[in-house]
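Student: I've got the model up on my screen. Can we walk through it together?

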Amino acid sequence: MSLSRRVLLRGAGAATVTGALVATGMDPAAAVTRPTLRVGSRNQWVRKLQWRLYSHGYWLDRRYPGYFDTTTAQAVMAFQKMRGLTRDGICGPATWRALDSITRPVARTKSGSIIEVNKRRQVMIAVVNGRVAWVFNTSTGAAGWRTPKGRYTFFRQINGMRNAPLGELWRPRYFNGGIAVHGSRFDIGAYPSSHGCVRIHNANMDELRGQRLIGL
């Protein structure tokens, strides 16, 4: 895949969703029978949930099919943010209903490769050749630590842990002074809570590097 050196941060509006409903054998009328799933759940419904999210661009670790791990919760929360649902990372009735009409998001960028950060929705989108490759749950700057809007270019990266004055930054990619896209070993929350950086889960940061979707 193409390497992206650019990052777009915007404060309003969400990536649009388009396309036809993809048939998966999941009956919308049977939504009430589908169990509520959360971290620790392990059954066939988790496998269905994971396939549904992953195949439409919401990244999760596929090494654990049928087990609701942290990356599955992160993918669920990213989807909830995109659809304006309660941001809890739990797949309950409302999330199941929304999954019946899931489509791959469409990026604002129509060509080339870029990292888009939607501050309003609190999601980060990796765009490759004008198409959404992956959507990740993210957390940007909290009040008093606002993440700036605009277009930037990554200019520095550290392939490892940086113990910064304000905390640990896993594999940070800097785009504006000391502000970076970086991984965190803690779960990424529902709302802005960072010190200005674009924070994603460590596993998501590893995936970006492994697929060479972000670099210099």
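Here is a short chat about a hairpin, two cores and one serine.

Tutor: Quick ground rules: this is a predicted model, where local features need pLDDT of at least 70, side-chain atom pairs count only at pLDDT 80 or more, and totals for chains, interfaces and linings use all residues. Residues are numbered from 1 along each chain as its sequence is written, and side-chain values use heavy atoms, with hydrogens and water left out.

Student: Which residue in β10 does N163 stand opposite?

Tutor: Strands here are DSSP E runs of at least two residues and helices are H or I runs of at least four, numbered from the N terminus. β9 (residues 161–164) and β10 (residues 167–176) run antiparallel, joined by four bridges; two strands pair if DSSP finds at least two. They form a hairpin with two residues between them. Opposite N163 stands E168.

Student: Which element gives the largest share of the largest nonpolar core?

Tutor: Such a core is a set of buried Ala, Val, Leu, Ile, Met, Phe, Trp, Tyr and Cys residues joined through side-chain atoms within 4.5 Å. This one has 26 residues, with L49, L53, Y58, L99 and V135 touching the most other members. Elements giving two or more residues include α1 (44–54) and β6 (131–137). The largest share, six residues, comes from α2.

Student: Is S184 buried or exposed?

Tutor: S184 sits in β11 (residues 179–184). Beyond neighbours within four places in sequence, S184 contacts R199, I200, H201 and N202, contact being heavy atoms within 4.5 Å. Buried means under 20% relative accessible area, exposed over 50%, partly exposed in between (1.4 Å probe, protein chains only). At 8%, S184 is therefore buried.
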